[in-house]
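Trainee: I'm new to this structure and don't know where to look. Could you pick one pair of neighbouring strands, take me through it closely, and then show me how it ties in with what lies around it?

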Amino acid sequence: QVQLVESGGGLVQAGGSLRLSCAASGSIFSISYMGWYRQAPGKQRELVTTITSGGSTNYATSVRGRFTISRDNAKNAVYLQMNSLKAEDTAVYYCNAGVYESRYRSLEVWGQGTLVTVSS
């Protein structure tokens, strides 16, 4: 069984910064993509950013230029550096990954979520 564990959420003032971390553990052969989604109160979950095993990244327009995703393949970990935070960034942030448990068996895994609250 593969698990993703997030950390780093909290309360921050508008304009401030936070860094989220997510580490994968369990039966892991390899990890293809990793990324972050978020869900604000009363809204649907939305993509924030993704990164491939080769380091290619993709960002939602709303966070481009403020958020940076990075990855440590040796640690099976992904990070999200969030700068210039706005009140509208307030949400539960979820880590997501495409994990191969073997060469032929893959699954999508979600973390439990970590709350980010930005006060204006």
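Mentor: Sure, let's start with β7 and β8 in this predicted model. β8 covers residues 77–82, and 6 bridges join it to β7, with the two strands running antiparallel. You can check the pairing residue by residue. Serine 70 has tyrosine 79 of β8 as its bridge partner, and aspartate 72 sits across from alanine 77 in β8.

Now look at where the side chains of β7 go. They alternate along the strand: Phe67, Ile69 and Arg71 point to one face and are buried, while Thr68, Ser70 and Asp72 point to the other face and are not buried. That puts both of the β7 residues we just paired up, Ser70 and Asp72, on the face that isn't buried. Arg71, on the other hand, belongs to the buried set with Phe67 and Ile69.

Next, follow the chain from β7 round into β8. The hairpin has 4 residues between its strands, and asparagine 76 is the one to stop at, with a positive phi near 50 degrees. Why point that out? Most residues other than glycine have a negative phi. Asparagine 76 has a positive one although it is not a glycine. As for its surroundings, asparagine 76 belongs to the loop between β7 and β8 and is partly exposed, at 23% relative accessible area. That's just past the 20% below which a residue would count as buried.

Carry on beyond β8 and something similar turns up. Serine 84 also isn't a glycine, yet it has a positive phi of about 50 degrees. You'll find serine 84 in the loop between β8 and β9, where it counts as partly exposed at 42% relative accessibility.

Let's zoom out to the sheet that holds our pair. It is an open sheet of 4 strands, in the order β1-β3-β8-β7, with antiparallel pairing. β7 (67–72) stands at one edge and β1 (2–7) at the other; each has a single partner strand, so one side of each is left without a neighbour in the sheet. Neighbouring strands here are turned by 15 degrees against each other on average, ignoring direction.

β3 sits beside β8 in that order, and it leads us to the disulfide. There is 1 in the whole structure, joining cysteine 22 to cysteine 95 with an S to S distance of 2.1 Å. The torsion about the S-S bond is about -85 degrees, so the disulfide is left-handed. Cysteine 22 lies in β3 (residues 18–26) and cysteine 95 in β9 (residues 91–100), so the link ties together parts that are 73 residues apart in sequence. Are the two ends buried or exposed? Cysteine 22 is buried, with a relative accessible area of 1%, and cysteine 95 is buried as well, at 0%.

From cysteine 95 you can hop to the next strand pairing. Tryptophan 36 stands opposite this cysteine of β9, and β9 pairs with β4 (residues 30–39) in the antiparallel sense over 8 bridges. β4 has another antiparallel partner, β5 (residues 46–51), with 5 bridges between them. One of the residue pairs there is arginine 38 with glutamate 46 of β5. The hairpin of β4 and β5 has 6 residues between the strands, and here glycine 42 takes a positive phi, near 75 degrees.

Keep that arginine and glutamate in view, since they also show up at the largest pocket. Its volume is about 190 Å³. The lining has 13 residues, with Arg38, Ala40, Lys43, Glu46 and Glu88 nearest the centre. By type, the lining divides into 7 charged, 4 polar and 2 nonpolar residues.

One last stop, further along the chain: valine 118, in β11 (residues 114–119). It counts as buried, at 6% relative accessibility. The C-alpha atoms of valine 118 and leucine 11 are 5.9 Å apart, although 107 residues separate the two along the chain.

If you want to retrace the route, begin at the 6 bridges between β7 and β8, step across to β3 in the sheet order, cross the disulfide from cysteine 22 to cysteine 95, and then go from β9 to β4.

Notes. Residues numbered from 1 in each chain as written. Predicted model: local features only at pLDDT ≥ 70, side-chain atom pairs only at ≥ 80, totals over all residues. Heavy atoms only, no water. Pairing = 2+ DSSP bridges. Axes fitted to C-alpha atoms, helices over the stretch in contact; angles between N-to-C directions. 1 Å grid on protein atoms, 1.4 Å probe; cavity = no way out; pocket = protein on both sides within 12 Å on 5 of 7 lines; lining within 4 Å. Points joined across faces, edges and corners; volume = space filled by probe spheres on them. Nonpolar A, V, L, I, M, F, W, Y, C, P; charged D, E, K, R; others polar. Disulfide = S-S within 2.5 Å. Buried < 20%, exposed > 50% of the residue type's maximum accessible area, 1.4 Å probe, protein only.
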